[in-house]
Amino acid sequence: MTDRRSPRISSRRQPKQARSSELVSAILEAAIQVLAKEGAHRFTTTRVAERAGVSVGSVYQYFPNKASILFRLQSDEWQQTSAMLSRILLDAAKPPMERLRLLVQAFVRSECEEAGIRSALDDAAPFYRDAPEAAEARAAGDRMVQAFMREVLPKAEQSVRSMAGELVMGTLGAVGKQFSEKPRTGREITVYADALADMLCAYLATLG
């Protein structure tokens with residue numbers, strides 16, 4: 001049986017000059033607009049180039065295929081999420097449960113504010129989810145969550161901490177996605193996030 005390789009999804013090169021950075025930013029902004037309007041399955045490099053007002057060749061200078069553009073959009077979202085995890089979960093100046101509550105509030109609000117593009121990126125996941133770069137990005141977030149779980153559950157077995165981390169983040173992702181499927185007021189977001197935080201904090205308290 002032949003070895004089926006994942007398509008290349010890394011950018012061809014990184015922009016080194018301000019003009020090149022502006023071009024890449026314009027391509028990515030156009031990609032967000034095309035993805036939100038057309039969906040993942042009608043997303044093409046040609047449509048992105050047209051929206052950005054550049055040639056397809058200019059797009060290919062930095063992105064070898066549409067999967068690489070979609071992955072870059074997802075990677076940027078993952079980086080924002082990782083930065084949020086790091087800023088909140090690893091802040092030792094606050095008690096662990098307070099950090100978890102802050103994370104839930106920030107996560108739910110973020111899901112609601114970016115619901116359209118997140119939904120489109122979920123649909124686009126089959127284009128890049130099996131690539132090594134995607135696994136590396138997910139692993140970075142998992143490490144931060146597990147570091148937090150070691151602090152919250154210092155006496156628990158590793159298997160319990162792993163399960164707790166997966167359950168907390170899985171619940172956040174699934175519930176946040178469902179809640180953000182329709183427009184929400186700021187008040188609704190706050191009340192819902194507080195209730196979700198109460199539930200997750202109570203769960204970890206039982207394990208601790």
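1. Over which residues does pLDDT stay under 50? In this predicted model, that stretch is residues 1–7, and the model has three contacts beyond four places in sequence for these residues. Where pLDDT is low, the predicted coordinates should not be read in detail.

2. For the chain as a whole, the average pLDDT is 86, and 91% of the residues score at least 70. Helix α2 (residues 45–52) has the highest confidence, at 96, while helix α6 (residues 115–124) has the lowest, at a mean of 78.

3. A good place to begin looking is the pair α5 and α8. Helix α5 covers residues 96–113 and helix α8 covers residues 158–179; their axes lie 9 Å apart and the helices pack at an angle of about 35 degrees. Their crossing is right-handed. From α5, the residues L100, L103, V104, F107, V108, E111 and C112 take part, and they meet V168, L172, G173, G176, K177 and F179 of α8. Sorted by class, this contact has nine nonpolar, two polar and two charged residues.

4. Some of those α5 names come back in the largest nonpolar core, which has 29 residues. L100, L103, V104 and V108, together with M149 and L204, are the residues with the most contacts inside this core. Two or more residues are given to it by each of α4 (66–89), α5, α7 (132–152), α8 and α9 (186–207). Helix α9 provides the largest share, seven residues.

5. V108 is worth a click in the viewer. Setting aside neighbours within four places in sequence, V108 is in contact with F179, I189, A193 and L196. F179 is one of the α8 residues that meet α5.

6. Please do not miss the other core, which lies apart from the largest one. This other core has 26 residues, including V34, V59, L70 and A124.

7. Is Q74, a residue of helix α4, buried or exposed? Q74 has a relative accessible area of 7%, so it counts as buried, the cut-off being under 20%. Beyond its neighbours within four places in sequence, Q74 is in contact with L121 and Y128.

8. Last, have a look at V191 in helix α9. V191 counts as partly exposed because its relative accessibility is 42%, and that class lies between 20% and 50%. Along the chain, V191 and Q105 are 86 residues apart, and their C-alpha atoms are separated by 9.4 Å.

Note on methods: Residues are numbered from 1 along each chain as its sequence is written. This is a predicted model: local features need pLDDT of at least 70, side-chain atom pairs count only at pLDDT 80 or more; totals for chains, interfaces and linings use all residues. Side-chain values use heavy atoms; hydrogens and water are left out. pLDDT is the predictor's confidence in each residue, from 0 to 100. Helices (H or I, at least four residues) and strands (E, at least two) are DSSP runs, numbered from the N terminus. Contact means heavy atoms within 4.5 Å. Axes are lines fitted to C-alpha atoms, for helices over the stretch in contact, and angles run from 0 to 180 degrees between N-to-C directions. A crossing is left-handed if the near helix is turned anticlockwise from the far one by less than a right angle, and right-handed if clockwise. Ala, Val, Leu, Ile, Met, Phe, Trp, Tyr, Cys and Pro count as nonpolar, Asp, Glu, Lys and Arg as charged, and the others, Gly among them, as polar. A nonpolar core is a set of buried Ala, Val, Leu, Ile, Met, Phe, Trp, Tyr and Cys residues joined through side-chain atoms within 4.5 Å. Buried means under 20% relative accessible area, exposed over 50%, partly exposed in between (1.4 Å probe, protein chains only).
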